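Here are a few short exercises to work through with the model open in your viewer. Try each one before you read its solution.

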Amino acid sequence: MKKLFLIAAFALSMSLVACSGGNKDNSSSESAESAQSVEEIKDGNTYEGKSYTISYPKDWKETFSSEDVLNVKSADESMVFSINFDAEGPAVDELKEQADFAKKVNTDQYKEVGEPKIEDNFMTLRRVTNDGEVELSYTKVLEGKKCIMGAIKCPADKEAEAEKILMSIIASVKMK
């Protein structure tokens with residue numbers, strides 16, 4: 001049952017993500033640097049879901065929303081961000097199992113799958129599509145088994161910028 005949930009959760013988060021192409025170029029030092037300096041989104045758009053609120057960059061446009069699901073796209077349409085709330089997601093002590101499972105099921109579907117990173121209640125997994133785009137999927141446990149999950153997808157040359165935006169959006173999440 002747990003594996004079925006994980007498959008469904010990742011299928012949902014990936015089905016919510018779509019964007020234009022890019023080329024392959026990765027700078028791990030830029031990625032590590034951007035993860036450490038989370039800038040607050042000022043004067044951004046606010047999404048009011050049933051269970052949470054978030055802020056995202058003002059010039060980004062909503063492409064889909066429902067009670068607890070949101071997809072937004074950057075003004076230049078090079079980046080797409082998705083978020084989904086799950087009241088029965090993994091608990092903090094289950095993130096490692098989810099991360100290992102995610103890496104295993106994604107290995108055959110992507111050109112490259114990185115090592116999952118877990119820090120406290122937050123897990124990320126970097127993947128590179130066969131077209132060279134980077135997808136940074138995430139799961140953040142908010143309380144108990146309540147979590148948000150989704151991804152940001154971008155051309156490889158915008159990975160550092162996308163990671164900063166991802167971290168800023170995630171930092172803005174507030175449970176209702």
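**Exercise 1.** Work out whether Arg126 counts as buried or exposed, then find its side-chain partners.

*Solution.* Start with accessibility: Arg126 has 15% relative accessibility, so it counts as buried (buried is under 20% relative accessible area, exposed over 50%, partly exposed in between, with a 1.4 Å probe and protein chains only). Next, place Arg126 in strand E8, residues 122–128 (strands are DSSP runs of E, at least two residues, numbered from the N terminus). Now look for polar contacts, meaning N or O atoms within 3.5 Å, where within protein one must be able to donate a hydrogen and the other to accept it, and residues adjacent in sequence count only if both atoms are side-chain atoms. The Arg126 side chain reaches that of Glu112 at 2.8 Å and that of Glu159 at 2.7 Å.

A quick note on the source: this is a predicted model, where local features need pLDDT of at least 70, side-chain atom pairs count only at pLDDT 80 or more, and totals for chains, interfaces and linings use all residues. Residues are numbered from 1 along each chain as its sequence is written, and side-chain values use heavy atoms, leaving out hydrogens and water.

**Exercise 2.** Find Pro116 and list its contacts beyond four places in sequence.

*Solution.* Go to the loop between strands E6 (112–113) and E7 (117–119); Pro116 is there. Then check for heavy atoms within 4.5 Å, the cut-off for contact: leaving aside neighbours within four places, Pro116 touches Ala99, Lys103, Met123, Thr124 and Leu125. Finally, compare with Arg126: the two are 10 residues apart in sequence and 7.2 Å apart in space, C-alpha to C-alpha.

Key: Helix = DSSP H or I, 4+ residues; strand = E, 2+ residues; numbered from the N terminus.
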